[in-house]
Amino acid sequence: MATILTINGETKSFEAPPDMPLLWVLRDILGMTGTKFGCGIAQCGACTVHVDGKAVRSCVLPVSAVANRTVTTIEHVGSTPAGAKVQKAWLEAEVIQCGYCQSGQIMSAAALLAATPHPDDADIDAAMAGNICRCGTYVRIREAIKQAANGRQS
């Protein structure tokens, strides 16, 4: 039986076991490799996507749990107002070092700004908690989020 999902504004139909994590559907079945595998236990944030606009960890989310819901990945987040602001700020603040965690970081930041357009430090801390950056770009991440929220350029 085919599974049907709305991913990045398009209806996708594919065969997958209902308990397969959404991450593996995205990467292995649909070929969307922007969402990364990090830890496999929802602790690092590399696999973050949006489900109905909320940031979720796709490595532990069964594909059956997103039926009839809208999924947005890093490949499409730039078409949303918050996602476009975040991506622009990320480049201007030169956040990226190795880049591996950045799709998850951007997805979490975009969900934050969509829900809270002018976050304070506590809002940023809460939204970004659990997004691990082994390169330690946290200061630049925070600056980029504030820059995106304020609409200012570096």
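1. In this predicted model, strands β3 and β4 form a hairpin with 2 residues between them, and within that turn D52 has a positive phi of about 50 degrees. The two strands of the hairpin run antiparallel, and 4 bridges join β3 to β4, which covers residues 54–57. At one of the paired positions, T48 stands opposite R57 in β4.

2. Strand β3 also pairs with β5 (residues 70–72), to which 2 bridges join it, and these strands likewise run antiparallel. Here the bridge partner of H50 is T72 in β5.

3. The burial of β3 deserves a separate remark. In a regular strand, side chains alternate between the two faces of the sheet. For β3, which spans residues 48–51, both faces are covered, since T48 and H50 are buried on one side and V49 and V51 are buried on the other.

4. Turning to the helices, a packed pair is described by the angle between the two axes and by the distance between those axes. Helix α3 (residues 102–115) packs with helix α4 (residues 121–128) at an angle of about 135 degrees, and their axes lie 9 Å apart. An angle between 115 and 145 degrees counts as oblique, and α3 and α4 are therefore oblique to each other. The crossing in which α3 passes α4 is right-handed.

5. As for the residues that meet between these helices, Q105, S108, A109 and L112 of α3 make the contact together with D123, I124, A127 and M128 of α4. Sorted by class, this contact of α3 with α4 has 5 nonpolar, 2 polar and 1 charged residues.

Note on methods. Residues numbered from 1 in each chain as written. Predicted model: local features only at pLDDT ≥ 70, side-chain atom pairs only at ≥ 80, totals over all residues. Heavy atoms only, no water. Buried < 20%, exposed > 50% of the residue type's maximum accessible area, 1.4 Å probe, protein only. Pairing = 2+ DSSP bridges. Axes fitted to C-alpha atoms, helices over the stretch in contact; angles between N-to-C directions. Parallel < 35°, antiparallel > 145°, perpendicular 65-115°, else oblique. Left-handed = near helix turned anticlockwise from the far one by under 90°. Contact = heavy atoms within 4.5 Å. Nonpolar A, V, L, I, M, F, W, Y, C, P; charged D, E, K, R; others polar.
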